[in-house]
Amino acid sequence: MTIESTLARELESLILPADSIVNVVDQFQEELLSRLQTNTISMLPQCLVPDKRSRWNPEDKILTIDFGGTRLKFAIISLPQIVIEYNDAFELTYNIVDSNFFNQIIYTICTRLAANGYIKKKNESSEASKFFVSVTFSFPLNPEGEVVAMGKGFVMTDTLQGSTVKQLIQSSFHRIISENIEEFFCTMNVCHVINDAIAVSLTSKFICENDSISLIIGTGTNACFEVPYGYLPPFKRDALRETLPSSYNKETLNFKHVLINSEIGFIGKNVIALQPFDIHGAISYEMPLECVTSGKWLPLSLKNILLQYNIIPKNFPVEFNGELVCQLAEDCTNAWFENEHYALICQIARLLIKRAAFYVAAIVQAIDIITGCKNYNFIHIGYVGSFLHNSNFYREQIKYYSSIHIKLQFLNHSNLLGAAIATYLNKSDNQVQ
Ligand SMILES: Nc1ncnc2c1ncn2[C@@H]1O[C@H](COP(=O)(O)OP(=O)(O)OP(=O)(O)O)[C@@H](O)[C@H]1O
């Protein structure tokens with residue numbers, strides 16, 4: 001037996017889970033239920049599952065804004081056809097988050113909409129164009145819709161305290177439009193601010209017939225799904241009720257379902273056996289499922305393994321990201337590695353992805369059980385995230401480890417579409433005034 005094959009065996013026993021998937025599904029299910037009942041930062045209801053019955057033909061346009069990182073995207077979307085009429089993006093260069101930060105963003109959006117004919121000048125039109133505005137905001141918000149923390153290189157200021165993101169964006173629109181009324185002859189009604197997990201889920205519900213779970217595996221890992229309102233503990237019911245119009249009383253809510261932003265990255269403390277090479281700071285212990293499944297952390301585990309076994313030198317100049325791991329798993333790059341080690345490195349990349357797929361298969365099966373096994377023998381998953389999207393091997397392994405047939409559907413542009421769909425469905429449900 002060669003040194004390489006001995007090493008491969010050793011790593012296989014360290015990386016691949018020792019427990020059976022059936023046991024892991026059981027343990028994940030228990031943890032999900034316990035978090036649903038008691039946890040204050042995960043398994044939070046974010047909105048009601050919108051009613052699909054009524055259809056609305058919006059004359060006013062829906063402007064949707066995706067605020068998720070340093071590149072801000074926006075689009076004009078027509079519904080119910082779900083057509084992106086116009087979309088655009090720009091880099092955010094200013095990283096201090098105060099009211100001026102929002103004013104600058106809104107000014108740039110209005111300028112681009114005007115340049116592309118969506119906003120007219122006052123002397124060009126007798127009537128102001130009207131827009132409903134929907135926002136996907138991928139930073140943590142509290143139940144009132146206020147920013148809790150920013151991260152991703154942004155610095156939050158105290159001036160934001162006490163205002164919701166909806167209020168901040170609405171007041172920026174008022175200010176920019178009133179200061180430039182000759183140029184921007186329009187009204188902007190900010191309707192919904194949702195997070196990215198909910199945006200994916202709403203897109204999935206609107207586009208796919210039999211959807212059950214939406215999944216994000218990009219930089220991070222998250223999932224969103226629905227449960228009956230009655231499953232929520234009283235403190236989560238109360239927090240949700242405060243965000244709803246007063247027409248929703250306890251009786252009507254008992255017939256509703258709610259969308260749960262699970263923050264599943266936190267799952268697995270007593271289940272996932274992290275190895276020393278998986279520890280990238282305290283976050284690995286806090287978010288074990290995210291650590292072994294996401295595009296940010298999994299590549300770093302590969303790097304640590306290669307360093308630990310002296311397969312690469314300490315000063316190895318290549319960035320370990322999702323793209324590199326996916327290429328190695330599919331055996332399609334050896335630009336950076338010595339030929340004698342290349343096969344082993346590809347094998348380790350595959351082992352790490354197999355472990356990730358095992359836990360993803362387990363968590364989606366656990367979610368399927370707690371949501372009531374709606375589809376009996378198949379699970380429909382609408383997903384986003386460049387890491388999962390670019391790895392056939394990852395997707396195939398998720399299917400391999402699942403005892404139920406899993407259908408994975410990629411939902412392109414769902415951050416932009418989901419926010420527009422939230423406004424569209426709620427407007428047709430007469431919730432938005
Ligand atoms: N071509 C690729 N192949 C595989 N992985 C990729 C590729 N491009 C990017 N990734 C990985 O996907 C992750 C980024 O995912 P995505 O593009 O969905 O962005 P994101 O919005 O920042 O993620 P999240 O939705 O978790 O916030 C990174 O970890 C990156 O390493």
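This tour moves through a predicted model, from its domains to its cores, its cavity and two individual residues.

**Domains.** Begin by colouring residues 1-41 together with 262-410 as domain 1, and residues 59-195 together with 413-424 as domain 2, following the domain assignment of the chain. If you place a marker at the C-alpha centre of each of these two domains, the markers will lie 35 Å apart.

**The largest nonpolar core.** Select next Phe 28, Phe 337, Ile 348 and Tyr 394, which touch the most other members of the largest nonpolar core, a set of 82 residues. Then add helix α12, residues 339-370, since this helix gives the most to the core, with 21 residues. Staying with Phe 28, display its surroundings: leaving aside residues up to four places away in sequence, Phe 28 is in contact with Ile 267, Gly 268, Val 271, Ile 272 and Leu 289, and also with Tyr 359, Ala 362, Ile 363 and Ala 366.

**A second core.** Move from there to Leu 63, Leu 72, Ile 105 and Tyr 118, which are among the 37 residues of a second, separate core. In soluble globular proteins, nonpolar side chains tend to be buried together.

**The cavity.** With Leu 72 and Ile 105 still selected, add Ile 65, Phe 67, Phe 102, Ile 106 and Ile 169, and you will have the lining of the largest cavity on screen. The structure holds 1 cavity of 30 Å³ or more, and the volume of the largest cavity is about 30 Å³. Which elements each supply at least two residues of this lining? They are strand β2, residues 61-67, and helix α3, residues 99-115, with α3 giving the most, 3 residues. Colouring the lining by residue class shows 7 nonpolar residues, with no polar and no charged ones.

**Ser 201.** Now select helix α5, residues 196-207, and find Ser 201 within it. Is Ser 201 buried or exposed? Ser 201 counts as buried, because its relative accessibility is 4%, which falls under the 20% limit for that class. Apart from residues up to four places away in sequence, the contacts of Ser 201 are with Ser 214, Cys 224 and Leu 259.

**Gln 167.** Finish at helix α4, residues 165-179, where Gln 167 has its place. Gln 167 is partly exposed, because its relative accessible area is 45%, a value that lies between the limits of 20% and 50%. As a last step, draw a distance from the C-alpha atom of Gln 167 to that of Lys 236: these residues are 69 residues apart along the chain, and the two atoms are separated by 23 Å.

Methods
Residues numbered from 1 in each chain as written. Predicted model: local features only at pLDDT ≥ 70, side-chain atom pairs only at ≥ 80, totals over all residues. Heavy atoms only, no water. Domains from an automatic or database assignment. Core = buried A, V, L, I, M, F, W, Y, C linked by side-chain atoms within 4.5 Å. Buried < 20%, exposed > 50% of the residue type's maximum accessible area, 1.4 Å probe, protein only. Helix = DSSP H or I, 4+ residues; strand = E, 2+ residues; numbered from the N terminus. Contact = heavy atoms within 4.5 Å. 1 Å grid on protein atoms, 1.4 Å probe; cavity = no way out; pocket = protein on both sides within 12 Å on 5 of 7 lines; lining within 4 Å. Points joined across faces, edges and corners; volume = space filled by probe spheres on them. Nonpolar A, V, L, I, M, F, W, Y, C, P; charged D, E, K, R; others polar.
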